[in-house]
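Biologist: I should like to learn how to read the features of a structural model, one at a time. May we begin with a single side chain?

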Amino acid sequence: MPDRDTNSSMNSHDDTYKCSLGSDDFILVEEIISGRKTSTVETVQGICLCMKQKLGRTVAMKNVRRRVPILNWLPCYTIEDGLGDIMSGVTVGLTVIPQSMAYAGLAGLPPQYGLYGSFLGTFIYTFVGSCKDVPMGPTAIVSLMTYSTLHGYGPEYATLLCFLTGVIQLAMGVCGLGIIIDFVSGPVSSGFTSAVALLIIASQIKDLIGVHGTGSSLWEMMCSLYRDIDTISYGDTVIGVGCIVFLLVLRVIAELRLGPADPEQQSCVQKYINKSFWLIGSIRNSIIVISCTVMSYIFISAQDESFKLPYKIIGTIPAGLPEFRLPQFTMQRDNETIGFFEIMSTMKSNVVVLPLIGLLENISICKAFANGKTVDATQELLAIGLCNIGNSFVQSFPGSGSFSRSAVNNASGVRTPLGGLYTSILVIVALLFLTPYFYYIPKTCLAAVIITAVVFMVEVRVVKPIYRSKKSDLIPGMFTFFACLFLPLEIGVLFGIGLNLTSILYHAARPKISIQEYKTRAGFKYLMLTPDRCLVFPSADYVRNLVTKHSLKRDMPVVIDCSHVYGADFTAAKVIEMLTKDFSDRGQALFFYNLKPSVVDVFRGVKPKELVFYYNKKELDRLLQKSTEQHHTAMLQPLLQTK
């Protein structure tokens, strides 16, 4: 067995720059061990030094700038940046006001709670957010998750849920757990988003046609609508369908362009008209809501007090900003005090699932508008965690970044996250001065706003590319889609992620192993088995059984090519120990080719009986010749003893 040092001479430079990113459990790492054991005092001193260095890096200005991104772009802020941010901030504000009230209804809360969640969190994100295009606030997905979590309880539960969501997201960010989002595959995310979009549409049909509907799954919603179909309100239906048609028309107008496709080749008039088309389409929600509110006000003012409205309206909304206070950790219900842990038990697993969904939605937006830049998931966790904690102090429910508002923000020419400041100001103005006019908004109008916003979230277009790329990826995506439709939403999400992780674990437990027969120049035949990945506990027994099966079928020396084995664990080491013992007992040679030094150390930890490995193919001839001679000697031994 050759000395491992002879195979690593190329790496024995005196001055070598080393950089390690990510986990090094399965990465080849060369270490020079002096052999002297460190004392307890030296170990403690080393730990203290490491902690001191860690603290120093944490408070270093570079790290502070990384965690407070406003320090990077604010010193370079220009007048052009300010004009772009004002334009985008006002445009997003005109979009978020009707949307937030609609999403509050989707969450099962009064409309004002949507406005409460649209100013403080947006302002906080200005300082700690890493993506200029993300406007924090209520979203369709998180609102539906909030509705399925509250189970009909009041706004106090929603505020506490917002606080808990923020705390969990902040804790995950502090612990650097943004990596969790990497375990949610694209098909699972698409299946979840599409199912949620259909659920949201189904949940808004009741307001669109003016009936009383309930349920959190698609089946429950459809059954409820079927039972109440006799009570349909034709006034609500006409207004709602009309709003949907106008919103879709305005969406098409936003995409109209006059003149050449290249803006530089367009005339000033064409540019002005195209910009007007885009602006009208971008603020279409506000246009529809304002128009319906004005017509509703005129209609109601013309009637006497005994007149019964043929459609439902929002009603009275409290004027002014919400009270700034801590969320309630205990609730009163029917002269009974409900404790914190009892409240947590009613929310169930959604307390953990909802923060992950909020992060998934936010990261998806950041990646969509990153323009090739890296996205810091940990920083986004910290940002949306702080935003949700802040929103909980103004009696809001959980929120995240919104796809539709992010698209408007980006198209409006936003330059920095400061655009959120102007959005916050516009929402505050609406709360202070415009709430009396919100009384006349038809509920069916807000339902139309939600339906037209989420109908394009159904990701039908991704099915064909997934099918062409890898058909098996459709399984977790479709499973997630149907599970979210017909099961409680949080259960469907967990099932989809669980199936995805099961697929990952299956591939880890069943590595591909190529099996080929070779002959050396000296004429020795041997069987080469080449696994394509690390040897860890899920795959160890599978590899052992496969090696044993083919080695017994072909009575010849066996070589395991470990060129792709960059790591191993204790279970794999024990399996290798048993494998070498089995080969030794039946007198069959077993060699390991190109075994990494770090893996050798793992295998030697269990002291295997015979661990023979080599790094040079010329060495294989010597090993095979020696093995053949030993085999012949063992065969002749009984005959000599008989004579």
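Modeller: The model shown here is predicted. At a relative accessibility of 23%, Tyr-77 counts as partly exposed.

Biologist: With which residue does Tyr-77 form an aromatic pair?

Modeller: Tyr-77 pairs with Trp-73 in a tilted arrangement, with 6.0 Å centre to centre and 50 degrees between the planes. Trp-73 is buried, with a relative accessible area of 14%. The structure has 17 aromatic pairs by the rule applied here.

Biologist: How far apart are the ring centres of Phe-299 and Tyr-311?

Modeller: Their centres are 6.3 Å apart and their planes meet at 40 degrees, so this pair is tilted. Phe-299 belongs to helix H13 (residues 284–301), whereas Tyr-311 is in the loop between H13 and strand S2 (331–333); the two are 12 residues apart. Phe-299 is partly exposed at 29%, and Tyr-311 is buried at 9%.

Biologist: Which rings are linked into a cluster?

Modeller: Ring pairs connect Phe-163, Phe-329, Phe-340 and Phe-341. Rings also meet charged groups: Arg-251 lies over the face of Phe-456, 3.7 Å from the ring centre. Similarly, the charged end of Lys-275 sits over the ring of Trp-278, at 4.8 Å from its centre.

Biologist: How should I read salt bridges, and how many are there?

Modeller: Side chains of opposite charge can pair when their charged atoms come close. The count here comes to 11 salt bridges. One of them joins Arg-554 and Glu-517, at 2.9 Å from N to O. Arg-554 lies in the loop between H23 and S7 and Glu-517 in strand S5, so the pair ties together parts that are 37 residues apart in sequence. Both residues are partly exposed, Arg-554 at 25% and Glu-517 at 46%.

Biologist: Where do Arg-544 and Asp-582 lie?

Modeller: Arg-544 is in helix H23 and Asp-582 in helix H24 (residues 570–585), so their pair ties together parts 38 residues apart in sequence. Their side chains form a salt bridge of 3.0 Å, N to O. Another salt bridge, between Arg-622 and Glu-619, has an N to O distance of 2.2 Å. Both of these residues lie in helix H26 (residues 617–642), 3 residues apart, about one turn of the helix. Arg-622 is partly exposed at 39%, whereas Glu-619 is buried at 19%.

Biologist: In which sense do strands S5 and S6 pair?

Modeller: S5 (residues 513–519) and S6 pair in the antiparallel sense over 7 bridges, with Gln-516 and Met-528 as bridge partners. The two strands form a hairpin with 5 residues between them, and Gly-523 in the turn has a positive phi of about 95 degrees. S6 (residues 525–531) is mostly covered, with 6 of its 7 residues buried.

Biologist: How many bridges join S6 to S7?

Modeller: There are 3 bridges between S6 and S7 (residues 558–561), and these strands run parallel. Leu-529 stands opposite Ile-560 in S7. With helix H23 (residues 537–553), S6 and S7 make a right-handed β-α-β unit.

Biologist: Why is the sulfur of Cys-445 not bonded to that of Cys-292?

Modeller: A disulfide is a covalent bond between the sulfur atoms of two cysteines. The closest cysteine sulfur to that of Cys-445 is in Cys-292, at 3.8 Å, which is too far for a bond; the cut-off is 2.5 Å. Cys-445 is buried, with a relative accessible area of 0%. A search of the whole structure finds 0 disulfides.

Note on methods:
Residues are numbered from 1 along each chain as its sequence is written. This is a predicted model: local features need pLDDT of at least 70, side-chain atom pairs count only at pLDDT 80 or more; totals for chains, interfaces and linings use all residues. Side-chain values use heavy atoms; hydrogens and water are left out. Buried means under 20% relative accessible area, exposed over 50%, partly exposed in between (1.4 Å probe, protein chains only). Helices (H or I, at least four residues) and strands (E, at least two) are DSSP runs, numbered from the N terminus. Two strands pair if DSSP finds at least two bridges between them. A crossover is right-handed if, with the strands pointing away from the viewer, the path from the first strand over the helix to the second runs clockwise. Rings of Phe, Tyr and Trp (its six-membered ring) pair if their centres lie within 6.5 Å; planes under 30 degrees apart count as stacked, over 60 as edge-to-face and the rest as tilted. A charge sits over a ring if NZ of Lys or CZ of Arg is within 6 Å of the ring centre and within 35 degrees of the ring normal. A salt bridge is a side-chain nitrogen of Lys or Arg within 4 Å of a carboxyl oxygen of Asp or Glu.
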